[in-house]
Amino acid sequence: MHRTVPGSRLAQVTTMAARELVIIGYDAVSPLGDELSCQWQRALAGESGIGPLTRFPLADDFPVRIAGQAPNLDRFDYPFLAARHLAAWSSPVFRYALLTVVRALEQSGVQITPDLAPRVAITYSSAVGGLDAVLHADRRLIAENRLPHPFANPNSCINMVGGKIAIETGARGPITATITACATGLTSLLVAALLLQQGRADLALCGAVDFALVEPIVAGFYTMNGIYIPRPEQKDEPPTAASRPFSVDRRGFVIAEGAAALILATREFADAHGLPYRIQLAGWGMTSDAHHFVAPHLPTVRQCMLEAIADADLSPADIAAVNAHAASTKVGDQVEQEALAAVFAERPVPVTANKSLIGHAMGASSAIETVFTLLGMEQGLLPPTINYRPDPALPIDCVADGPRSLAQEFVLKNAFGFGGCNACAVFRRIH
């Protein structure tokens, strides 16, 4: 039986014991680097991955000048990074997604054999996809009157990310590309949980990739007043100081790039194949704000957290820490803090916000942050939230002065996206 939350869907639902789900592998590429161990050490050291925006030439009056850029992958030797492959699959979403999945599989020790392949699902997705390919084709058509490259449309299909992963790995189980804006990475994991718990697969390749540093998208976030813009008197502020979740002087998110993969399996499958694991997906929740196209809604954000905790058969007092969504926007951070204060009213819980380090990589953010969450749980550490200056209006136990040592059996991960897409997960450290 689940504990019930007043007013929640779970209050009316009684379930039999669900199949236990564990994470057997993961990998990420972020503005902090292309090797996970290096990224983690930089995160613990409070180093920022934010720097000058160089993905495209900047006109003197272009309003956005900084970003979190992922490193190039020139030093890696995989077939999907060969020049011939890159000529066809030009959008970076494919190479980074494939790299993270292949390395996560290598870490897990799983071999996707022909017998296993029909039981391997793919939910790896993207919030933005390969819009860069469409933009390039449009510009070539206008400037040179040349028709698009034959691969232009396939490059722009979001579901093609999962399709390419299937081709690379041989996975032949259920495949879907769930898209929930900035929550896409975490939602990918939760949709996979549905498939595994219903017995439709034994293993799932989850995660997200986004490379949205193309002119119209970056400029569009500026006109929405969502992206970081310094005050006139702060125009010389270093890029590393720009992303500051929950801070009194927060001024919007810093757009970034990245990718992360998570390999989810049933515990029965992992045990049967001798696959090691240390983290269990203990519970989760998803809600829709039904409120506003970008502004989050306190009641449904709060409800999402409570449903995740109840689904894990826990109370808020059991949660050791929270990895926050915390994009550094005025309204978004305020609503998340208010929801946290309501859920954890009896005991303030330590909160860390990874976007202070890596910026906001759209749908990939919650996947990368989930990987950081798992690393922190395994090592008993919370990475710092840098650039934090307390906001008297947002009382919160923000992990800010260096990494914090903390045993973490249960951690709550939050992710919220445009359109009112909320996703929360509770992870358990298996001793």
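These exercises, each with a worked solution, walk through a predicted model.

Residues are numbered from 1 along each chain as its sequence is written, and side-chain values use heavy atoms, with hydrogens and water left out. In this predicted model, local features need pLDDT of at least 70 and side-chain atom pairs count only at pLDDT 80 or more, while totals for chains, interfaces and linings use all residues.

**Exercise 1. Two helices**

Task: Describe how helix α1 packs with helix α13, and sort the residues of their contact.

Solution:
- Start with the elements: α1 covers residues 36-44 and α13 covers residues 363-379. Helices here are DSSP runs (H or I, at least four residues), strands are E runs of at least two, and both are numbered from the N terminus.
- Next, take the geometry: the angle is about 75° and the axes are 11 Å apart. That makes α1 roughly perpendicular to α13, a label for angles of 65 to 115 degrees (under 35 is roughly parallel, over 145 roughly antiparallel, the rest oblique). The axes are lines fitted to C-alpha atoms over the stretch in contact, and angles run from 0 to 180 degrees between N-to-C directions.
- Now list the partners: α1 brings Leu36, Gln39, Trp40, Ala43 and Leu44, which meet Val371, Phe372, Leu375, Gly376 and Gln379 of α13. Contact means heavy atoms within 4.5 Å.
- Finally, sort them: 7 are nonpolar, 3 polar and none charged. Gly counts as polar in this scheme.

**Exercise 2. The cysteines**

Task: Find how many disulfides the structure holds, and explain why Cys182 does not bond to Cys421.

Solution:
- Recall the chemistry: a disulfide is a covalent bond between the sulfur atoms of two cysteines.
- Run the search: the whole structure gives 0 disulfides, where one would need two cysteine sulfur atoms within 2.5 Å.
- Check the distance: the closest cysteine sulfur to that of Cys182 is in Cys421, 9.3 Å away, so it is too far for a bond.
- Compare the surroundings: Cys182 is buried at 10% relative accessible area, and Cys421 is partly exposed at 22%. Buried means under 20%, exposed over 50%, and partly exposed in between (1.4 Å probe, protein chains only).

**Exercise 3. Three residues and their neighbours**

Task: Place His85, Thr370 and Leu53, and name what each one touches.

Solution:
- Take His85 to begin with. This residue belongs to helix α2 (residues 83-88) and, beyond four places in sequence, touches Pro79, Phe80, Leu98 and Lys164. With Lys164, the His85 side chain makes a polar contact of 2.8 Å between side chains (N or O atoms within 3.5 Å, one able to donate a hydrogen and the other to accept it; residues adjacent in sequence count only if both atoms are side-chain atoms).
- Move on to Thr370, in helix α13. Thr370 is buried at 1%, and its contacts beyond four places in sequence are Leu186, Leu262, Lys413 and Phe427.
- End with Leu53, in the loop between β2 (50-52) and β3 (66-68). Leu53 is buried at 4%; its contacts beyond four places in sequence include Leu58, Phe62, Ile66 and Leu213.

**Exercise 4. Positive phi**

Task: Look at Asn145 and Asn225: where does each lie, and is each buried or exposed?

Solution:
- Asn145 has a positive phi of about 55° although it is not a glycine. Asn145 sits in the loop between α4 (131-144) and α5 (152-156) and is exposed at 67%.
- Asn225 has a positive phi near 65°. Its loop runs between α8 (215-223) and β6 (257-266), and Asn225 is exposed at 70%.
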